[in-house]
Amino acid sequence: MWMKAAGVIFIVFGTSCLGINFGSTLKKRIRLLDMIEHMMILLRGEIRYGVTPLPEALCHIAGKTKAPLVDFLNAVVEDMNAMDGKNFHKLWEENAKLHIGTNLLSQEELSDFIKVGGTLGYLDKEMQLKSIEFYMEQLKLDRSALEKTYPQKRKLYCSMGVLLGMMISILLV
């Protein structure tokens, strides 16, 4: 009897932790969007005021960001310096998928991030700035929508974790 009770407790605890994990993933996603916005602000400043070459600008920005963006930026700079014949958009896309990926960002958010990278390096200064501004507006809308729904979704995930554990326990016992 006590084995069944221990099993039920472990199942409910495990599924509750799973629900809490889903809720914390949403919070990490919001933080990552904040970090990307910060990176874009820095990039906009480097393009507008620093007038520095793109690899150098990305190096400066990498020194002011945190993982996973610092890893992403350093990898892009390394690939640019390797000069293996790939265009900047391809380098940006490959490294975005590798270092940022869809583990935190949605497919649409990652796609938008890749698109803004495609406009860097070959458009004139004003078009690059406008592209960054447009992306930052999209980013703000995405983040505000996530922040608005975050409390409800966090509670929902936690509750569903507990309920799933209870349901599994009832079915097994």
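**Group meeting: a cavity, a helix pair and a loop residue**

Let me begin with the largest cavity, whose lining is made up of Glu109, Asp112, Tyr135, Gln138, Leu139 and Asp142. Please keep in mind throughout that what we are looking at is a predicted model, and that the values I quote are computed from it.

Two elements give two or more residues each to that lining, namely helix H5, which covers 107-118, and helix H6, which covers 125-172. Which of the elements provides the largest share of the lining? That is H6, with four residues. If we sort the lining residues of this cavity by class, we find three that are charged, two that are nonpolar and one that is polar. As for volume, the largest cavity comes to about 30 Å³, and the structure holds one cavity of 30 Å³ or more.

Staying with H6, I would like to turn to its partner H1, the helix of residues 2-50. The axes of H1 and H6 come within 7 Å and cross at roughly 175°. Because angles over 145 degrees count as roughly antiparallel, H1 is described as roughly antiparallel to H6. When the residues in the contact of H1 with H6 are divided by class, there are 27 nonpolar and 14 charged residues, together with eight polar ones.

My last topic is the loop between H5 and H6, which is where Thr119 is placed. Is Thr119 buried or exposed? Its relative accessibility is 16%, and since buried means under 20%, Thr119 counts as buried. Which residues does Thr119 touch, once its neighbours within four places in sequence are left aside? Those contacts are with Gln128 and Ser131. In the case of Ser131, which lies 12 residues from Thr119 along the chain, the two C-alpha atoms are separated by 6.9 Å.

The other contact of Thr119, Gln128, is found in helix H6, and with a relative accessible area of 10% this glutamine is buried as well, by the cut-off of 20%. Again leaving aside neighbours within four places in sequence, Gln128 is in contact with Thr119, Leu120, Gly121, Tyr122 and Leu123, and also with Ile47. For orientation, Ile47 falls within the residue range of H1, 2-50, so that our look at Gln128 brings us back to the helix pair with which H6 was introduced, the axes of H1 and H6 coming within 7 Å.

Notes: Residues numbered from 1 in each chain as written. Predicted model: local features only at pLDDT ≥ 70, side-chain atom pairs only at ≥ 80, totals over all residues. Heavy atoms only, no water. 1 Å grid on protein atoms, 1.4 Å probe; cavity = no way out; pocket = protein on both sides within 12 Å on 5 of 7 lines; lining within 4 Å. Points joined across faces, edges and corners; volume = space filled by probe spheres on them. Nonpolar A, V, L, I, M, F, W, Y, C, P; charged D, E, K, R; others polar. Axes fitted to C-alpha atoms, helices over the stretch in contact; angles between N-to-C directions. Parallel < 35°, antiparallel > 145°, perpendicular 65-115°, else oblique. Buried < 20%, exposed > 50% of the residue type's maximum accessible area, 1.4 Å probe, protein only. Contact = heavy atoms within 4.5 Å.
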